[in-house]
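Morning, everyone. I have one structure to show you today. Let me put it on the screen.

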There are 2 protein chains.
Amino acid sequence: MAPATPSPVSSAPTSVNTSPNDLDMSIDSRPQPSRRSRKKSKTRTALADAAAYLFETQGFDETTTVDIAERADVSQRTLFRHFATKESMLYGEMDETIDELRSALAERPPDEPPLAVVREAVVSLADNFERHRDRRLLQARLAATYPSVSAFSRATVQLGWEREIIDALSERLGVDPMHDPRPEIIAGATMSAIRVATRQWSFNGGQDDYITLIADALDALPALGAFERAS
Amino acid sequence: MAPATPSPVSSAPTSVNTSPNDLDMSIDSRPQPSRRSRKKSKTRTALADAAAYLFETQGFDETTTVDIAERADVSQRTLFRHFATKESMLYGEMDETIDELRSALAERPPDEPPLAVVREAVVSLADNFERHRDRRLLQARLAATYPSVSAFSRATVQLGWEREIIDALSERLGVDPMHDPRPEIIAGATMSAIRVATRQWSFNGGQDDYITLIADALDALPALGAFERAS
DNA sequence: TGACGAATGTCAGCCACTGACATATTGTTT
DNA sequence: AAACAATATGTCAGTGGCTGACATTCGTCA
């Protein structure tokens with residue numbers, strides 16, 4: 001029952017989202033985020049890696065949280081101190097990605113039209129997607145197989161993305177998203193486009209260029225009104 | 001512990017989705033769907049009513065499935081023979097509604113443009129919404145409060161609607177929804193519009209005209225490309 | 001009426017997830 | 001360095017949604 005085969009425990013200090021006063025806290029020049037923080041990230045990474053490996057090899061439903069905890073050599077209780085749900089172990093990069101999405105949206109020129117803002121911001125996440133390529137492929141594969149994973153993706157991940165898009169667009173355009181449906185419609189349409197692109201990409205084993213697929217799907221947005229039957 | 005206060009067990013023979021050869025099976029003129037089927041629907045209705053009452057009065061998370069079963073005077077095991085999940089008890093009309101959506105989509109003229117097809121089909125569900133008005137208000141209220149309800153709505157109910165829209169549009173337009181993202185984008189945008197409208201409606205206690213809110217939100221779809229900052 | 005099948009009850013159990021408390025490890029202060 | 005505070009982890013017992021297996025009751029139909 002020891003961590004054996006893959007899972008090199010690469011220990012890239014992934015963001016830890018639990019207690020507030022973590023990480024650096026010193027100023028400038030690689031602040032070396034305290035031994036405690038490093039250990040914590042290490043545990044978190046070990047858990048996420050163990051989960052990914054077991055999901056990959058056994059399937060999602062077939063893997064219990066006790067399995068994962070044992071493979072990461074921690075207690076089940078500790079697992080649930082790092083991850084709120086079993087599903088969230090598969091989406092450990094979500095917070096980081098959403099932060100990047102928020103920044104990307106904020107950096108767009110103030111007069112850019114909404115659809116372009118979203119398109120360019122999403123496309124600018126290319127290196128994020130590249131960084132988490134394997135994880136994203138696994139997520140897509142599992143979401144296609146396990147309803148609980150698909151549900152989590154829709155109800156948590158995609159909801160998170162939508163919130164950022166709605167916030168950015170409604171502020172940028174000075175409208176109240178409670179009464180003007182357009183920001184949320186654009187957000188929903190965007191997530192649909194990304195979903196289709198991701199499905200295609202995953203279905204082809206990740207061979208196509210992911211960002212191109214996404215960009216092409218997003219380019220369908222402005223012309224929806226002209227979508228007609230091919231006569 | 002007895003079913004006392006409201007819950008009139010109205011026994012409208014709601015569709016029962018379990019075994020195939022149920023309901024009428026005779027032909028024409030009020031076929032009186034067999035005592036067994038009637039009892040089954042009655043149990044199902046009693047369960048849904050008990051659930052709605054308890055969700056309403058105590059909250060969703062605060063109600064256990066044992067509570068619901070006791071109030072409907074059946075065993076917990078029987079509850080789970082009628083409803084796959086606790087959440088689905090709140091959305092008992094879903095299958096019926098999706099059937100109506102499918103019909104409404106199919107009845108649209110073949111040359112109507114996609115956005116109009118969806119808009120008119122959804123608007124034609126007005127009487128369905130009216131029929132299930134109270135339930136819909138409860139759903140909206142609970143979805144705003146309980147993440148598990150919101151998650152179910154997004155991951156199951158809205159997914160079901162989207163599937164119908166995607167199927168209808170892709171067939172109607174002769175495109176492959178795996179490669180042409182437009183049907184899914186329209187479906188996603190549509191569900192976003194309905195979500196916003198429902199939120200507004202629920203927020204105002206159901207005073208506004210629900211269908212008008214939905215129609216207005218859907219009317220924003222064709223002009224998304226022209227959505228600009230008000231200068 | 002008797003036989004068959006469907007709906008229900010009972011019971012035991014799995015598993016995701018949580019609260020409470022004890023312990024250990026790390027960071028900080030004097 | 002010793003004492004203290006903070007925090008990460010372990011242990012344990014429990015809740016609650018949900019399921020399989022088996023027995024029993026009830027409706028249907030010949």
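Start with chain A: ten helices, zero strands. Read along the sequence, the pattern is α-α-α-α-α-α-α-α-α-α. Keep in mind that this is a predicted model.

How much of chain A is buried? Of its 231 residues, 50% are. Now the contacts. Take those in chain A with a separation of 6 or more: 69% of them join residues 24 or more positions apart. As for the surface, chain A exposes about 11,700 Å², and carbon and sulfur atoms supply 51% of that.

Next, the inside. Nonpolar side chains tend to be buried together in soluble globular proteins. Here, the largest nonpolar core has 125 residues. Among those with the most contacts inside this core are A:Trp161, B:Trp161 and B:Ile214. Look at B:Ile214. Leaving out residues up to four places away in sequence, B:Ile214 touches B:Val122, B:Phe129, B:Ile194 and B:Ala197.

Now the DNA. Which residues come nearest to strand C? Out of 24 around DNA strand C, they are A:Arg36, A:Lys86, B:Arg36, B:Thr78 and B:Arg81. Sugar and phosphate make up 55% of the strand C atoms that come within 4 Å of the protein.

By type, the residues of this surface are two nonpolar, eleven polar and eleven charged. Helix 1 (35–58) and helix 3 (76–82) of chain A each supply at least two of them, and so do helix 1 (35–58) and helix 3 (76–82) of chain B.

Zoom in on some atoms. An N or O atom in the A:Arg36 side chain is 2.5 Å from a base oxygen of strand C. For the side chain of B:Arg81, the distance from a base oxygen is 2.5 Å. B:Thr43 has a polar side-chain atom 3.0 Å from a phosphate oxygen of strand C.

How values were computed:
Residues numbered from 1 in each chain as written. Chains lettered and ligands numbered in written order. Predicted model: local features only at pLDDT ≥ 70, side-chain atom pairs only at ≥ 80, totals over all residues. Heavy atoms only, no water. Near = heavy atom within 4 Å. Polar contact = N/O pair within 3.5 Å; in protein donor to acceptor, adjacent residues only side chain to side chain. Helix = DSSP H or I, 4+ residues; strand = E, 2+ residues; numbered from the N terminus. Nonpolar A, V, L, I, M, F, W, Y, C, P; charged D, E, K, R; others polar. Core = buried A, V, L, I, M, F, W, Y, C linked by side-chain atoms within 4.5 Å. Buried < 20%, exposed > 50% of the residue type's maximum accessible area, 1.4 Å probe, protein only. Contact = heavy atoms within 4.5 Å. Areas by Shrake-Rupley, 256 points an atom, 1.4 Å probe, with all protein chains shown as cover.
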